[in-house]
Amino acid sequence: MDVIGGFWTSVLAFLLVLTVLVFVHELGHYLVARRNGVRIETFSIGFGPELFGFTDRVGTRWKFSALPLGGYVKMFGDADPASTPGSHLTSMTAEERAVSFHHKRVGQRAAIVAAGPIANFVFSIVVLALLFMTAGQSFTPPDVGGVQPGSAAERAGIQPGDLILSVDGAAIERFEEIRQIVSIRPGEPLAVELKRDGRVMTVTATPESQSVTDRLGNSHQIGLLGISRGSVGMKRHDPLTAVWQAGREVAGMVTGTFTALGQMVQGSRGTEELGGPLRIAQMSGEVAQSGWYPLVWFMTFLSVNLGMINLFPVPMLDGGHLLFYGIEKLLGRPLGARAQEYGFRIGLALVLTLMVFATWNDLVQLRVVDFFRGLVS
């Protein structure tokens, strides 16, 4: 019974989180498109057959579709949800061209496309700022409460009572920020600027690499300095400080994600940490059971990642469209239809390959592969 309950908690939490993030992303496209006079034909949460919806007074169909793994805004002139130019563009009347996405200036089209990812970043900052103003932000002064014997910190000369000012050039305001930087840099020498007895000094510490298993059963390599913090508390901020801290958190998420991706490319971090929809659903359920604060935080983290992924210069994604618009601006004309078609085909292949790879990782991490191997062995 607990397994069934946990399953449905994961499903419902996943659908809630994904629906909110997709709506925010597509709303960014929608609002800027309307601002630039583009007619919106469809605003869909999900793909495939429509489950339910309504048509507003300007003719836009708002709907929920059967496959809730994304969404789209179909604008006038699009041949499909991927904003592929329709074959009827050349035969449009002057009135139709005035509301057609593909007849807008390149700057307008770029703004409409970029608005989706930007909306995800803005959403994360706004939600975190509201969280910090109401519930508060986990805040611990970055002073060293203790140093573990034989640890990387002890070898670097860090002592209890030291105040950490920066790590690897990044200014530190909270102890939690030390962990965020160090955990993704196992085995890398880091410059640690600290203050001791009124004197500022810099030491070099190399975090020890340690394999840890989270509560979801996933194994990760993280870096550890071997220092402990003092008292932990929640600190509420005024609106301006809350927005500033929220921006710093989002910037930290972006930096951490790019660092992890770079480590995967270099081979120092395993690609098994890439997760797909199954693992996101599992994590959504686990986080939801921990309370509303972790769930909201998890949602903002996913929103940042959704915005980042969509900005990758891969055709089929927003970043791919922006790449095409950049080339159009340089050439003074759009790429040919054949070049765009090949680009979208390559982009589709890359996206599908990544989805299959991430889903395979999910199945391995969730022990589904081992289960079926056991059946046939």
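Me: Helices (H or I, at least four residues) and strands (E, at least two) are DSSP runs, numbered from the N terminus; how many of each does the secondary structure of the chain come to?
Reply: This is a predicted model, in which local features need pLDDT of at least 70, side-chain atom pairs count only at pLDDT 80 or more, and totals for chains, interfaces and linings use all residues. Residues are numbered from 1 along each chain as its sequence is written, and side-chain values use heavy atoms, without hydrogens and water. The secondary structure comes to eleven helices and twelve strands.

Me: Is Thr140 buried or exposed, and which side chain does the side chain of Thr140 join in a polar contact?
Reply: Thr140 lies in the loop between strand S3 (137-139) and strand S4 (146-147). Buried means under 20% relative accessible area, exposed over 50%, partly exposed in between (1.4 Å probe, protein chains only). Because its relative accessibility is 0%, Thr140 counts as buried. A polar contact (a pair of N or O atoms within 3.5 Å, one able to donate a hydrogen and the other to accept it; residues adjacent in sequence count only if both atoms are side-chain atoms) of 3.1 Å links the Thr140 side chain to that of Glu176.

Me: Which element gives the largest share of the largest nonpolar core?
Reply: A nonpolar core is a set of buried Ala, Val, Leu, Ile, Met, Phe, Trp, Tyr and Cys residues joined through side-chain atoms within 4.5 Å. The largest has 21 residues, and Ile178 is one of those with the most contacts inside it. The largest share of this core, four residues, comes from H5.
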